[in-house]
Amino acid sequence: MSRAATPLAIGAVTAAWAGGAALIGGSGAGWAALIASVIVVVFFGSTKVVLGPIARYLPGASLSAALLFYGTKVLALGVVVMVLLDPQGPGRHLDDRWFTATLIGGSLLAVTWLIVADLRSRHAIYDLDDRGHTGA
C-alpha cells in the first residue's frame, strides 16, 4: 500500500469499525470505538513523527529517545484511559467493552501493519561500488 493511501485506509477502517459498533451496541459503543481508534492512531502514528527526525540527525540518541518517548506514551495512555472510563465522568456515556476491544484489536492491527511495512521496506546495510563489490 502506498504512503498516500495509508491515511485513507486508516480512516475507512476506523469509520467502518465505529459504524459497526454503533449498529451493534448503540451510540455509546460507536463513540467508544471511534475514540479508541483515534487513540490507537495517535499512539502508533506519533512514533514515526517524533522519532524520525531524531534517528536521522542523532542516530546515537535514537534508542534512548525511543525508550523515553515510549514510556511517556504508555503513561499518557494510562491517564487517558482512566479519565475516559471514569463512571462519574465521560465513561458514563461510553461502552467500556467496545472501548477496550477497539484498543486491543487496533493495537494488534497497527503492530501487524508496522511489521509488514518494515519487512517490505528495503534498508541499505552496506555500500557496493559500481561493479557490485564491497569496499573491503
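Trp31, Leu34, Val38 and Val42 make up a nonpolar patch on the surface, with a combined accessible area of about 370 Å². The model is predicted. Trp31 belongs to helix H2, which covers residues 27–57. H2 also gives six residues, the largest share, to the largest nonpolar core, a set of 14 residues.

**Helix H2 and its surface patch**

- Trp31 counts as exposed because its relative accessibility is 51%, and the cut-off for exposed is over 50%.
- The other members of the nonpolar patch are Leu34, Val38 and Val42.
- Helix H2 contains 31 residues, and the distance from its first C-alpha to its last is 46 Å. This is close to the 45 Å expected at 1.5 Å a residue.
- A bend of about 35° occurs in H2 at Leu51. A proline, Pro53, follows within four residues.
- Leu51 is itself one of the buried residues of H2.
- Buried positions in H2 also include the small residues Gly28, Ala29, Gly30, Ala32, Ala33, Ala36, Ser37 and Ser46.
- Ile39, Val40 and Phe43 are buried in H2 as well.

**The largest nonpolar core**

- This core has 14 residues, and those touching the most other members are Ala21, Ala32, Ile39, Leu84, Trp98, Phe99 and Leu103.
- Helix H1 (6–25), H2 and H4 are the elements that give two or more residues to this core.
- H2 supplies the largest share, six residues.
- Ala32 and Ile39, named above among the core residues, are also listed among the buried residues of H2.

**The start of helix H4**

- Asp96 lies in helix H4, which runs over residues 96–120.
- Asp96 has a relative accessible area of 44%, so this residue is partly exposed, the range between 20% and 50%.
- Asp96 and Gly28 are separated by 68 residues in sequence, while their C-alpha atoms are 8.9 Å apart in space.
- Gly28 is one of the buried residues of H2.

**Salt bridge**

- The count of salt bridges comes to one.
- The salt bridge is formed by Arg97 and Asp95, with 3.5 Å between the closest N and O atoms.
- Arg97 counts as exposed because its relative accessibility is 63%, which is over 50%.
- Asp95 is buried because its relative accessible area is 14%, which is under 20%.
- The salt bridge therefore pairs an exposed arginine, Arg97, with a buried aspartate, Asp95.

How values were computed
Residues numbered from 1 in each chain as written. Predicted model: local features only at pLDDT ≥ 70, side-chain atom pairs only at ≥ 80, totals over all residues. Heavy atoms only, no water. Patch = residues over 30% accessible without salt bridge, like charges linked within 9 Å, V, L, I, M, F, W, Y side chains within 5 Å. Areas by Shrake-Rupley, 256 points an atom, 1.4 Å probe, with all protein chains shown as cover. Salt bridge = Lys/Arg side-chain N within 4 Å of Asp/Glu carboxyl O. Buried < 20%, exposed > 50% of the residue type's maximum accessible area, 1.4 Å probe, protein only. Expected span 1.5 Å × (residues − 1). Bend = angle between axes of the 7 residues up to and from the residue. Core = buried A, V, L, I, M, F, W, Y, C linked by side-chain atoms within 4.5 Å.
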